[in-house]
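Colleague: Could you take me through the aromatic residues and the strands here? I have just opened the file.

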Amino acid sequence: KIHDYIFIYDSQNGNLLYRHTLDGSSGVQVIKFHPSGRFIGLARGNRIEIIEFSTGHVVFSSHGHSRYVRDISFSDDGLLIGSVSDDGTACVSSIYF
């Protein structure tokens, strides 16, 4: 199995705030913070995922692209996530937690 790890550190003191192990065959292309600070959005292969920091659970997953996702972005209110892909498409999804 291939493992990807996400480590997030406090920029002020260097302490580790968060560590998460991702199982799977596709690496992480993009990581973005949700406006609430409670979640991170990931582009992994042709899908996007949103992970809750406190539990490490995937709370949202989308397989709307047929090729690699190159960027993701949250709306200012955190209710939408947009993604663009090598397949030439852009997707916008409503997020419900």
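Aromatic residues and strands

Modeller: Tyr 5, Phe 7 and Tyr 9 form one aromatic cluster. Please bear in mind that the model is predicted.

Colleague: How many aromatic pairs does the count come to?

Modeller: The count comes to 4 aromatic pairs. One of them is Phe 7 with Tyr 9, a stacked pair at 6.4 Å centre to centre, with 25° between the planes.

Colleague: Are Phe 7 and Tyr 9 buried or exposed?

Modeller: Phe 7 has 39% relative accessibility, so it counts as partly exposed. Tyr 9 is also partly exposed, because its relative accessibility is 48%.

Colleague: And what about Tyr 18 and Phe 53?

Modeller: Tyr 18 and Phe 53 form an edge-to-face pair, with 4.6 Å centre to centre and 85° between the planes. This pair links distant parts of the chain, 35 residues apart: Tyr 18 lies in strand β2 (residues 16–23), and Phe 53 lies in the loop between β5 (47–52) and β6 (58–62). Both residues are buried.

Colleague: Turning to the sheet, what is the order of its strands?

Modeller: The order is β3-β4-β5-β6, in an open sheet of 4 strands with antiparallel pairing. β3 (28–33) and β6 are the edge strands, each pairing on one side only. From one strand to the next, the twist averages 20°.

Colleague: How many bridges join β3 to β4?

Modeller: There are 5 bridges between β3 and strand β4 (residues 39–44), and the two run antiparallel. Among the residues involved, Val 28 has Arg 44 in β4 as its bridge partner.

Terms used:
Residues are numbered from 1 along each chain as its sequence is written. This is a predicted model: local features need pLDDT of at least 70, side-chain atom pairs count only at pLDDT 80 or more; totals for chains, interfaces and linings use all residues. Side-chain values use heavy atoms; hydrogens and water are left out. Rings of Phe, Tyr and Trp (its six-membered ring) pair if their centres lie within 6.5 Å; planes under 30 degrees apart count as stacked, over 60 as edge-to-face and the rest as tilted. Buried means under 20% relative accessible area, exposed over 50%, partly exposed in between (1.4 Å probe, protein chains only). Two strands pair if DSSP finds at least two bridges between them. Axes are lines fitted to C-alpha atoms, for helices over the stretch in contact, and angles run from 0 to 180 degrees between N-to-C directions.
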